[in-house]
Amino acid sequence: MTLPSTKTDDVTVWDYLERRWDTVLELAIEHLLLVLGSVLIATIIGVGLGLLVHRHRAASTVLVTVTNTAFTVPSLAYFSVFLVWFGLGLQPSVWTLVIYALLPIVRNTITGLAQVDQAIVRAATGMGMGRGQALLRIELPLALPVIMSGVRIGAVLTVGIAAVAAYVGGPGLGSEIFGGLGAIGSARGVPQAIVGTLAIVVVTVIVDLMMAASHRVLTPKGLR
């Protein structure tokens, strides 16, 4: 297979990838783990908040508005703020991604729970279940397909944003892209940036496939 030459001289994308394959693979794994870890935290927080407020319309509106607003703030602003709090490295990267993943997870948790047929819930409570039991054993499983769709959106969304984590010394493929952009004009500049970008596309596909598989495994058979 011949990859397109992106040369400023003799170095092509393929040449660069051959020389730096181990490094690119390591960074891609770091990128994947950063995204999955951040989405896991966002899922715990987002689903928990959704469960707390879904019965209260005003609280749900406030929560969605807050996460909507947080979503509109540029990622560099969050990276900068968390950089002051946590310093360089992993933590500012994780918490910035958590904020961006929260919106679709919170919104879908509230929407999924709101779509549960209340007649089923009343039947469950009529059979002796408490409200907490009905929530965890009836409403949450029925809302799970919608919630998992939000988790999937949040995961894919954060893959691209994770590239900016390199700004605060975070892990992942952002260092390849920024390294390449910083070396534009040299032999490796453009190939490095392209390899970093293509690797993020591959990570995005992997994350989406993983989320789709999780969606299928976690959704009860009758709801697929």
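Me: How many helices and strands does the protein chain have, and how should these elements be read?

Reply: Helices (H or I, at least four residues) and strands (E, at least two) are DSSP runs, numbered from the N terminus. In this case, the protein chain has eight helices and zero strands, and its pattern along the sequence is α-α-α-α-α-α-α-α. The model is predicted: local features need pLDDT of at least 70, side-chain atom pairs count only at pLDDT 80 or more, and totals for chains, interfaces and linings use all residues. Residues are numbered from 1 along each chain as its sequence is written, and side-chain values use heavy atoms, with hydrogens and water left out.

Me: What does the C-alpha trace of the protein chain span along its principal axes?

Reply: The spans of the C-alpha trace are about 75 × 40 × 20 Å.

Me: Where does helix α6 bend, and what does the helix span between its end C-alpha atoms?

Reply: Two values are read together here. The expected span of a helix is 1.5 Å times one less than its number of residues. Helix α6 (residues 131–161) has 31 residues, and a straight helix of that length would span 45 Å, yet α6 spans only 39 Å between its end C-alpha atoms. The bend at a residue is the angle between axes fitted to the seven residues ending there and the seven starting there. In α6 a bend of about 55 degrees falls at Leu144, with a proline, Pro145, following within four residues.

Me: Is Thr67 buried or exposed, and which residues does Thr67 touch?

Reply: Buried means under 20% relative accessible area, exposed over 50%, and partly exposed in between (1.4 Å probe, protein chains only). Of the 224 residues of the protein chain, 43% count as buried. Thr67, in helix α2, is buried because its relative accessible area is 7%. Contact means heavy atoms within 4.5 Å. Not counting residues up to four places away in sequence, Thr67 touches Leu102, Leu103 and Val106.

Me: Which residues are in contact with Val116, leaving aside its neighbours within four places in sequence?

Reply: Val116 sits in the loop between α4 and α5 (118–126) and is buried, since its relative accessible area is 6%. Its contacts beyond those neighbours are Val121, Glu139, Leu142 and Ala143. By C-alpha atoms, Val116 and Leu88 are separated by 44 Å, at 28 residues apart along the chain.

Me: How should separation along the chain be set against separation in space for Met211 and Ala155?

Reply: For the protein chain as a whole, among contacts between residues at least 6 apart in sequence, 73% join residues at least 24 apart. Met211 and Ala155 are 56 residues apart along the chain, and their C-alpha atoms are separated by 7.8 Å. Met211 lies in helix α8 and is buried because its relative accessible area is 10%. Not counting residues up to four places away in sequence, Met211 touches Leu36, Val151, Arg152 and Ala155.

Me: What is the relative accessible area of Val205?

Reply: Val205, in helix α8 (residues 189–218), is partly exposed because this value is 46%. The C-alpha atoms of Val205 and Ala187 are separated by 29 Å, at 18 residues apart along the chain.

Me: Which residues line the second largest pocket, and which element gives the most to the lining?

Reply: On a 1 Å grid over the protein atoms alone, a pocket is an open set of points with protein on both sides within 12 Å along at least five of seven lines, where a 1.4 Å probe fits; lining residues have an atom within 4 Å of a point. Grid points are joined across faces, edges and corners, and a volume is the space filled by probe spheres set on the points. The second largest pocket has a volume of about 160 Å³. Its lining consists of His54, Arg55, His56, Arg57, Ser60, Ile110, Leu113, Ala114, Gln118 and Glu139. The elements giving two or more residues are α2 (57–72) and α4 (90–114), and α4 gives the most, with three residues.
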